[in-house]
Amino acid sequence: MKAVAYSVKPYEKEYLAKANQKKHDITLISNSLSVETALYAEGKDAVIVSPNDDVSAAVIQKLAGCGIKYIVTRSTGTDHIDKKAAEKYEIRLSNVPSYSPQACAEHAVALALALDRKLVKADIHSHVFNFRNDELVGFNFFGKTVGLIGLGSIGKAVARIYNGLGCKILGYDLNFPNDIPYIIPATLEDLLAFSDIISLHIPLTEDTRHLIQRDTFDQMKDGVMLINTSRGALINTKHLLTALENGKIGYLGLDVYEYEKGLFFEDHENDAVKDELLKELLDKPNVLITPHQAYLTKEALEEIANQTIKNLDLWQMDKCLEKACACVNVCKAGHLKETKMIQ
């Protein structure tokens, strides 16, 4: 299969090449996918994209004109892809349904621990030989209540870590798992009201967009810690700034940002104009923001590359991708493909 991979970073190339083993003719480019760069897909069967790529209806129309039949995203989330447009042009979609939940879980907890113990401030002070302990007082996680919104593979991995720290864990999920007995089922309202730390681990959908906004902030404890390593638009950022300013949010750890598209994954240090909303967040002393790097471990990169190539392998053999299928009619498409295979 011929494919072009967009937005490929230097640290991804080795893993993609190793996973591919020259099975597919894949062109790796650093350009992000857009209406203008869609032409690089001419003559290819598939495009491989990242969450930072533009996979809107206009771009998909261009890709269809180039003859593209498949789009695989190197991510679990698919909110950057216009699925209805892909269906219209009969382009099949796939994702990486799960990869190293431990990577994302460990980063989420690392944000929480760094915020609590003022590690960034302590490091900055130490570099100028200021070794005072002033303004570095934290709290024990032992005995605190952690509220986890979303209990998929990442949410459950986070729960295991916090359980090891001696925390009480409340969980909210429409499909509550039964395999971790120390997670206490809670309504969203109770989780917001009783948690000292709230951590988000859900996908971005129309139902979850701005799940955390003025009304939900009002239900939280004063001074609560909020961690988000999932998708930026789960939180209304303007309402978040108000919650930081009035003390409702005492600690904020973000690995994602509502308006990160075209911003994260790139160097904007010398830009004349910078995102004002993000600047306001970064100016807060109780805020820690990382550039969508929760997934960024060697193990995760290997798993992402392996699944990406596996998706191409299965498409080439005209087989069903099962959980990796991200088409609009997932179950129907999968069922039809399985039936065809049986016949």
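This passage walks through the two sheets of the model, the helices that pack around them and one salt bridge.

The structure is a predicted model, in which local features need pLDDT of at least 70 and side-chain atom pairs count only at pLDDT 80 or more, while totals for chains, interfaces and linings use all residues. Residues are numbered from 1 along each chain as its sequence is written, and side-chain values use heavy atoms, with hydrogens and water left out.

Helices (H or I, at least four residues) and strands (E, at least two) are DSSP runs, numbered from the N terminus. One open sheet holds 5 strands in the order E2-E1-E3-E4-E5, with parallel pairing; two strands pair if DSSP finds at least two bridges between them. Strand E2 (25–28) and strand E5 (92–94) stand at the edges with a single partner strand each, so one side of each has no neighbour in the sheet. On average, neighbouring strands of this sheet are turned by 20° against each other, direction ignored. Angles run from 0 to 180 degrees between N-to-C directions, and axes are lines fitted to C-alpha atoms, for helices over the stretch in contact. Within the sheet, strand E1 (residues 2–5) pairs with E2 in the parallel sense over 4 bridges, and Val4 stands opposite Thr27 in E2.

Helix H11 (residues 298–316) lies across E2, strand E3 (46–49), strand E4 (70–73) and E5, and runs at about 160° to E4. Helix H11 also meets helix H1 (residues 10–20): their axes come within 8 Å and cross at roughly 45°. H1 and H11 are therefore oblique to each other; angles under 35 degrees count as roughly parallel, over 145 as roughly antiparallel, 65 to 115 as roughly perpendicular and the rest as oblique. H1 passes H11 in a right-handed crossing (the near helix is turned clockwise from the far one by less than a right angle; anticlockwise would be left-handed). On the H1 side, the contact (heavy atoms within 4.5 Å) is made by Tyr11, Glu12, Tyr15, Leu16, Ala19 and Asn20, and on the H11 side by Lys298, Leu301, Glu302, Ala305, Asn306 and Ile309. These residues divide into 7 nonpolar, 2 polar and 3 charged. Here Ala, Val, Leu, Ile, Met, Phe, Trp, Tyr, Cys and Pro count as nonpolar, Asp, Glu, Lys and Arg as charged, and the others, Gly among them, as polar.

The other sheet described here is also open, with 7 strands in the order E8-E7-E6-E9-E10-E11-E12 and parallel pairing. Its edge strands, E8 (183–185) and E12 (287–289), each pair on one side only. Strand E7 (residues 168–172) runs parallel to E8, joined by 3 bridges, with Leu170 opposite Ile184 in E8. Helix H6 lies across E6, E7, E8 and strand E9 (197–200), at about 175° to E6.

The axes of H6 (residues 153–164) and helix H4 (residues 101–116) come within 8 Å and cross at roughly 50°, which makes H4 oblique to H6. This crossing is right-handed. Among the contact residues are Cys104 and Val109 of H4 and Ile154 and Tyr162 of H6; by class, the contact has 11 nonpolar, 1 polar and 1 charged residues.

Finally, the whole structure contains 12 salt bridges, each a side-chain nitrogen of Lys or Arg within 4 Å of a carboxyl oxygen of Asp or Glu. One of them joins the side chains of Glu135 and Lys121 (3.5 Å, N to O). Glu135 lies in the loop between helix H5 (119–127) and strand E6 (145–149) and Lys121 in helix H5, so the pair ties together parts that are 14 residues apart in sequence.
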